[in-house]
Amino acid sequence: MKAIRRCMAWASLAALWLGLLAGGAAAAPSLTLSPGWGPPTLSLTVKGSGFPANTVAELYFDFLSLALAATDGAGAFTRTVKVPSGALPGLHWITAYVRATGVGAQRGFTVRTSWRQFHSVAQHTGWNPFENIIYPSTVPNLDL
């Protein structure tokens with residue numbers, strides 16, 4: 001048992017040492033979203049860091065491919081994408097994935113279509129430009 005623990009300790013130490021020789025321990029890839037919530041069609045800024053340098057990450061909204069983002073020499077990128085118009089309210093996942101290396105990161109984004117005031121706008125028309133749930137086939141299911 002002691003021999004196994006000793007081998008595991010040496011393996012961990014060797015991995016750390018090799019990482020330092022290769023230029024330091026690489027940070028795990030991460031994403032930042034700005035803003036973190038909003039309606040469909042919103043312009044969303046996605047910032048990534050800790051990715052492989054000088055490569056391309058594919059950005060997804062759930063399983064929908066949105067755009068490609070080129071990383072710089074430090075493995076970072078900034079890209080603005082649009083939230084799909086058909087995105088339903090609730091939690092969705094923004095993913096950045098580098099196919100060549102299998103490296104990726106995710107961050108949750110909440111689609112919200114909340115009205116800021118009674119009936120949405122100052123004229124109180126109740127018009128919701130982000131409505132994507134009501135269709136002629138679902139209208140009979142509505143209640144007051």
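In what sense do β1 and β3 pair, and over how many bridges? I would like to begin there, with the reminder that what we are looking at is a predicted model. The answer is that β1 and β3 run in the antiparallel sense and are joined over five bridges, and within that pairing Leu33 stands opposite Val46, which belongs to β3.

Before going further into that pair, let me set out the chain as a whole. The chain contains one helix and eight strands, and if you read along the sequence the helix comes before the strands, in the pattern α-β-β-β-β-β-β-β-β. The chain has 144 residues, of which 24% count as buried. Among contacts in the chain with a separation of 6 or more, 51% are between residues 24 or more positions apart.

Now back to the strands. As general background, strands of a sheet pair through backbone hydrogen bonds, either parallel or antiparallel. Here, β1, β3 and β6 form an open sheet in the order β1-β3-β6, with antiparallel pairing. Because β1 and β6 stand at the edges and have a single partner strand each, one side of each is left without a neighbour in the sheet. On average, neighbouring strands of this sheet are turned by 25° against each other, if direction is ignored. The pairing of β3 with β6 is antiparallel and extends over six bridges, and there you can find Ser43 opposite Lys82 of β6.

Thr45 is a useful residue to follow here, since its place is in strand β3. Thr45 touches Thr32, Leu33 and Ser34, and also Thr78, Arg79 and Thr80, leaving aside residues up to four places away in sequence. Although Thr45 and Arg79 are 34 residues apart in sequence, their C-alpha atoms are 5.8 Å apart in space. Thr45 has a relative accessibility of 21%, and because buried means under 20%, Thr45 counts as partly exposed.

Which side chains of β1 are buried, and which are not? They alternate along the strand: Leu31 and Leu33 point to one face and are buried, whereas Ser30, Thr32 and Ser34 point to the other face and are not. Leu31 also brings us to the largest nonpolar core, which has 20 residues, and in which Leu31, Leu44, Val46, Phe77, Ile94 and Phe109 touch the most other members. The elements that give two or more residues to this core include β1, β3, β6, β7 and β8. Beyond its neighbours up to four places away in sequence, Leu31 touches several residues, among them Val46, Phe51, Phe77, Ile94 and Ala105.

Let me turn to the backbone, where the general expectation is that most residues other than glycine have a negative phi and that most peptide bonds are trans. The peptide bond from Ser34 to Pro35 is cis, with omega near -5°, and Pro35 has its place in the loop between β1 and β2. Thr41, in the loop between β2 and β3, has a positive phi near 75°, and Asp62, in the loop between β4 and β5, has a positive phi near 55°. Thr41, at 38% relative accessibility, counts as partly exposed, and so does Asp62, at 30%.

Finally, a word on the rings. A search of the whole structure finds one aromatic pair, and, as a separate point, Arg112 lies over the face of Trp37, at 4.0 Å from the ring centre.

Technical notes. Residues numbered from 1 in each chain as written. Predicted model: local features only at pLDDT ≥ 70, side-chain atom pairs only at ≥ 80, totals over all residues. Heavy atoms only, no water. Core = buried A, V, L, I, M, F, W, Y, C linked by side-chain atoms within 4.5 Å. Buried < 20%, exposed > 50% of the residue type's maximum accessible area, 1.4 Å probe, protein only. Helix = DSSP H or I, 4+ residues; strand = E, 2+ residues; numbered from the N terminus. Contact = heavy atoms within 4.5 Å. Pairing = 2+ DSSP bridges. Phe/Tyr/Trp six-rings, centres within 6.5 Å; stacked < 30°, edge-to-face > 60°. Lys NZ or Arg CZ within 6 Å of the ring centre and 35° of its normal. Axes fitted to C-alpha atoms, helices over the stretch in contact; angles between N-to-C directions.
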